[in-house]
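Here are some notes on the side-chain contacts of this structure, set out as numbered points. Please read them with the sequence and the model open beside you.

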Amino acid sequence: MKAGRFEKVTLEQFEHDWLKQFPKDQERVKEIYDGIALPKRATKGSAGYDFIIPRDLVLGPKETVLIPTGIRAKIEDGYVLVLFPRSSLGFRYRMQLDNTAGIIDADYYEADNQGHIMCKITNDSQTDKVMELKAGQGFVQGIFLQFGTTEDDDVQTQRTGGFGSTDGK
């Protein structure tokens, strides 16, 4: 049963989002974009698709950063993509997603930002460990999950934006 597929956002969208977070990468942004690989499962028994870090990153204890992944997901109706930290990084550094688990809805694909998946992570180390991630290393994993709706659900509203765009609708 296929639940979706991954694609890269355009270079222009990636550059826009990346340089907001990492303005010093102006000269390297195309090289960083070209190095982005689509998420993959590590083994045939893996549930999670590993998202890679686009470039080397060092996060000290209690530091937080927003990572534009360069990835979007075309998700089949009745599914959602849920993002979690890679287990090994959680154990070593208490790396956390700042929203605990990222929920990527199927209609996010059509958002104004091309459905660009971004992950805000924190090194929540309690032992002053510095977290060093290397370009190409998996840092979060996404799992496609099926979901249901209530019998009386008749929502017709469409998404236009990203984070918080469905508040109050």
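1. A salt bridge within one helix. In this predicted model, the side chains of aspartate 34 and lysine 30 meet in a salt bridge, with 2.9 Å from N to O. Both residues belong to helix H2, which covers residues 29–34, and they are four residues apart, or about one turn of the helix. Aspartate 34 is partly exposed, with a relative accessible area of 45%, and lysine 30 also counts as partly exposed, at 46%.

2. A salt bridge between a loop and a strand. Arginine 86 forms a salt bridge with aspartate 50, and the closest N and O atoms of the two are 3.6 Å apart. Because arginine 86 lies in the loop between strand E6 (79–85) and helix H3 (87–93), while aspartate 50 lies in strand E2 (residues 49–52), the pair ties together parts that are 36 residues apart in sequence. Arginine 86 is partly exposed, with a relative accessible area of 24%, whereas aspartate 50 is buried, at 16%, the cut-off for buried being under 20%.

3. A salt bridge between two loops. Lysine 62 forms a salt bridge with aspartate 124, the closest N and O atoms being 2.9 Å apart. This pair links distant parts of the chain, 62 residues apart, with lysine 62 in the loop between strand E3 (57–59) and strand E4 (64–68) and aspartate 124 in the loop between strand E9 (118–123) and strand E10 (131–133). Lysine 62 counts as partly exposed at 48% relative accessibility, while aspartate 124 is buried, with a relative accessible area of 16%.

4. The wider set of charged contacts. The structure holds eight salt bridges, and Arg5, Glu7 and Arg72 are linked in a network of such bridges. Arginine 72 also takes part in a contact of another kind, since its charged end sits over the ring of tyrosine 109, 3.7 Å from the centre of that ring. In a further contact of this kind, the charged end of arginine 55 sits over the ring of phenylalanine 22, 4.5 Å from its centre.

5. Helix H1 and its cover. Which residues of helix H1 (residues 11–21) are buried? They are Gln13, Phe14, Asp17, Trp18 and Leu19, and what covers them includes H2, E4 and E9.

6. An aromatic pair between two helices. The structure holds seven aromatic pairs. One of them is formed by phenylalanine 14 and tyrosine 33, whose rings are tilted, at 5.6 Å centre to centre and with 45 degrees between the planes. Phenylalanine 14 lies in helix H1 and tyrosine 33 in helix H2, so the pair ties together parts that are 19 residues apart in sequence. Both members are buried, phenylalanine 14 with a relative accessible area of 0% and tyrosine 33 with one of 12%.

7. An aromatic pair between two strands. Tyrosine 49 and phenylalanine 144 form an edge-to-face pair, 5.8 Å centre to centre, with 80 degrees between the planes. Tyrosine 49 lies in strand E2 and phenylalanine 144 in strand E11 (residues 138–146), so this pair ties together parts that are 95 residues apart in sequence. At 25% relative accessibility tyrosine 49 counts as partly exposed, whereas phenylalanine 144 is buried, at 16%. These residues also belong to one aromatic cluster, formed by Phe6, Tyr49, Phe51 and Phe144.

Conventions
Residues numbered from 1 in each chain as written. Predicted model: local features only at pLDDT ≥ 70, side-chain atom pairs only at ≥ 80, totals over all residues. Heavy atoms only, no water. Salt bridge = Lys/Arg side-chain N within 4 Å of Asp/Glu carboxyl O. Buried < 20%, exposed > 50% of the residue type's maximum accessible area, 1.4 Å probe, protein only. Contact = heavy atoms within 4.5 Å. Phe/Tyr/Trp six-rings, centres within 6.5 Å; stacked < 30°, edge-to-face > 60°. Lys NZ or Arg CZ within 6 Å of the ring centre and 35° of its normal.
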